[in-house]
Structures are given as structure tokens and as C-alpha cells.
Amino acid sequence: MARSVFLYVPNLIGYARLTLLFSSCLFYTRSPMVFLALYSANAVLDVFDGIAARKLNQCSAFGAWFDVVIDNIGRGMLWSRLYQWGCFIAMLEWLVFVCTHSLGARWKVVVHETPWLVRKVMEKNFKTPTGTFAILGLHGLPIWMYAHYTNVLSHLAVPKILQYFGIAFLSSGRALCFVVEVFFIWSHILCLVAEDDNSGEAEARK
């Protein structure tokens, strides 16, 4: 039964997304338009795997984990190629992945003690204006930066002022994501410290 999870439609879509991502690497410098087409196709499929999971009743812990792994691989690849320091953004996102997925599916549950700004971003599973703004910055900024630096936007007749507005807008959304990321990392650290304290107290009672 467990093996059939790997053949769930959402996970098959995930394998296709990985194929698109790895194929896009071949065109990063050779053909920016082809790279963007493949990378964007991966992003579009990211929408449909969630829809398929809900419609077909094929939600799974593996699928939820796999979806974020693919997202991190794609953004990490792009950030690392865009800038020498881009690897630090990739490292941050993988660190957040470790901290949040240690909680399993519960990481998206907003508790009362969560700071107001983090609650606003995460409520209704990010399906609010604030959450959408943050997710747009997270996913859209590296793609927009690549299209800007490779002059794809200019070739598409996007005015320079609009290009810079897009950078500012998406950067603001990414900064909002950064606030949420720092919260989860710090919360995870506090949980680890609390576990150590509880273990020490238990040992002292023996």
C-alpha cells in the first residue's frame, strides 16, 4: 500500500516537475527564453499537483514533503546561479524546511502565540492578500531577477520602470517571507532548548 503513494497523480506531477527543472539547467546560459519556459512550466505544474491531490483524495505526507523539496531545489538552483551569495538564500530556505517539517503537517497550523504578522501571512493556508504577497515574493523574485538580468523582459518590451517596480514589489514580498522564516527558525531553536531543559530536569529527578 505504501508503495502506491509513489504513483499518486500529484507525485507523478512532481516527477515531471523535477524533469523540467533539471532540463532547464541545460539552457540557463544558452537560451534564457527556453530556460524560463521550462522553469515556468514547473511552476504551473506546482499549482496542479495540489488540485489533483485534493480532487483525487491523494493527499499524503510524502507528497507534501516532496512538493516543498522540489520548490527548494528549483529556487535554490536559480538563486545560486544568479548571485555568488545566492547560496545563502538557498541555505536559509533549506534550514526553514528542516525546522518546519520536523513538525510534519502541523507546521502550517497557526497558534495563538504566533506573532501577528506571521499569523496574517499564514492564515487560511496563505490564501489571503498578505499570504499571496509573501508567496509571490518567495517564488516570483528569482524568476523576475533572472528575466531582468538576461534582458528577457526588455525583449518582451517590458519598460525599465516596470521591471524595477517588479523587483521592488517582489523583494518586499520576499522580505515578508524572511520574517516568517526567522520566526520558525527561532521557534525551532527554542523548542530544542526546552527539550534539553526537560531532559536535564528528568535526569536530576532520578
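1. Reading from the N terminus on, the order of elements in this predicted model is α-α-α-α-α-α-α-α. The protein thus described has eight helices and zero strands.

2. Of the 206 residues of the protein, 40% count as buried. As for the contacts between residues at least 6 apart in sequence, 68% of them join residues that are at least 24 apart.

3. The largest nonpolar core has 23 residues, and those with the most contacts inside it are Phe 35, Leu 78, Leu 82 and Tyr 146. Two or more residues are given to this core by each of α1 (9-25), α2, α3 (61-82), α6, α7 (152-155) and α8 (160-205), and the largest share, six residues, comes from α3. A second core, separate from the one just described, consists of 10 residues and includes Val 118, Met 122, Leu 138 and Phe 184.

4. Phe 35 deserves a separate entry, as one of the residues with the most contacts inside the largest nonpolar core. When its neighbours within four places in sequence are left aside, Phe 35 is in contact with Ser 24, Phe 27, Tyr 28, Met 77, Leu 78 and Tyr 146; among these partners, Leu 78 and Tyr 146 are themselves listed with the most contacts inside that core.

5. The packing of helix α2 (residues 32-55) on helix α6 (residues 129-149) can be described by an angle of about 170°, with the axes of the two helices 11 Å apart. Angles over 145 degrees count as roughly antiparallel, and α2 and α6 are therefore roughly antiparallel to each other. The crossing of α2 and α6 is left-handed.

6. On the residue level, α2 brings Pro 32, Phe 35, Leu 36, Tyr 39 and Asp 46 to this pairing, where they meet His 139, Ile 143, Tyr 146 and Ala 147 of α6. Sorted by class, the contact of α2 with α6 has seven nonpolar residues, one polar residue and one charged residue. Phe 35 and Tyr 146 thus appear both in the contact of these two helices and among the residues with the most contacts inside the largest nonpolar core.

7. Is Cys 87, which lies in helix α4 (residues 86-101), buried, partly exposed or exposed? Its relative accessibility is 29%, and because buried would require a value under 20% and exposed a value over 50%, Cys 87 counts as partly exposed. The C-alpha atoms of Cys 87 and Met 77 are separated by 8.4 Å, the two residues being 10 residues apart along the chain. Met 77 is also one of the residues in contact with Phe 35.

Technical notes. Residues are numbered from 1 along each chain as its sequence is written. This is a predicted model: local features need pLDDT of at least 70, side-chain atom pairs count only at pLDDT 80 or more; totals for chains, interfaces and linings use all residues. Side-chain values use heavy atoms; hydrogens and water are left out. Axes are lines fitted to C-alpha atoms, for helices over the stretch in contact, and angles run from 0 to 180 degrees between N-to-C directions. Helices (H or I, at least four residues) and strands (E, at least two) are DSSP runs, numbered from the N terminus. Angles under 35 degrees count as roughly parallel, over 145 as roughly antiparallel, 65 to 115 as roughly perpendicular and the rest as oblique. A crossing is left-handed if the near helix is turned anticlockwise from the far one by less than a right angle, and right-handed if clockwise. Contact means heavy atoms within 4.5 Å. Ala, Val, Leu, Ile, Met, Phe, Trp, Tyr, Cys and Pro count as nonpolar, Asp, Glu, Lys and Arg as charged, and the others, Gly among them, as polar. A nonpolar core is a set of buried Ala, Val, Leu, Ile, Met, Phe, Trp, Tyr and Cys residues joined through side-chain atoms within 4.5 Å. Buried means under 20% relative accessible area, exposed over 50%, partly exposed in between (1.4 Å probe, protein chains only).
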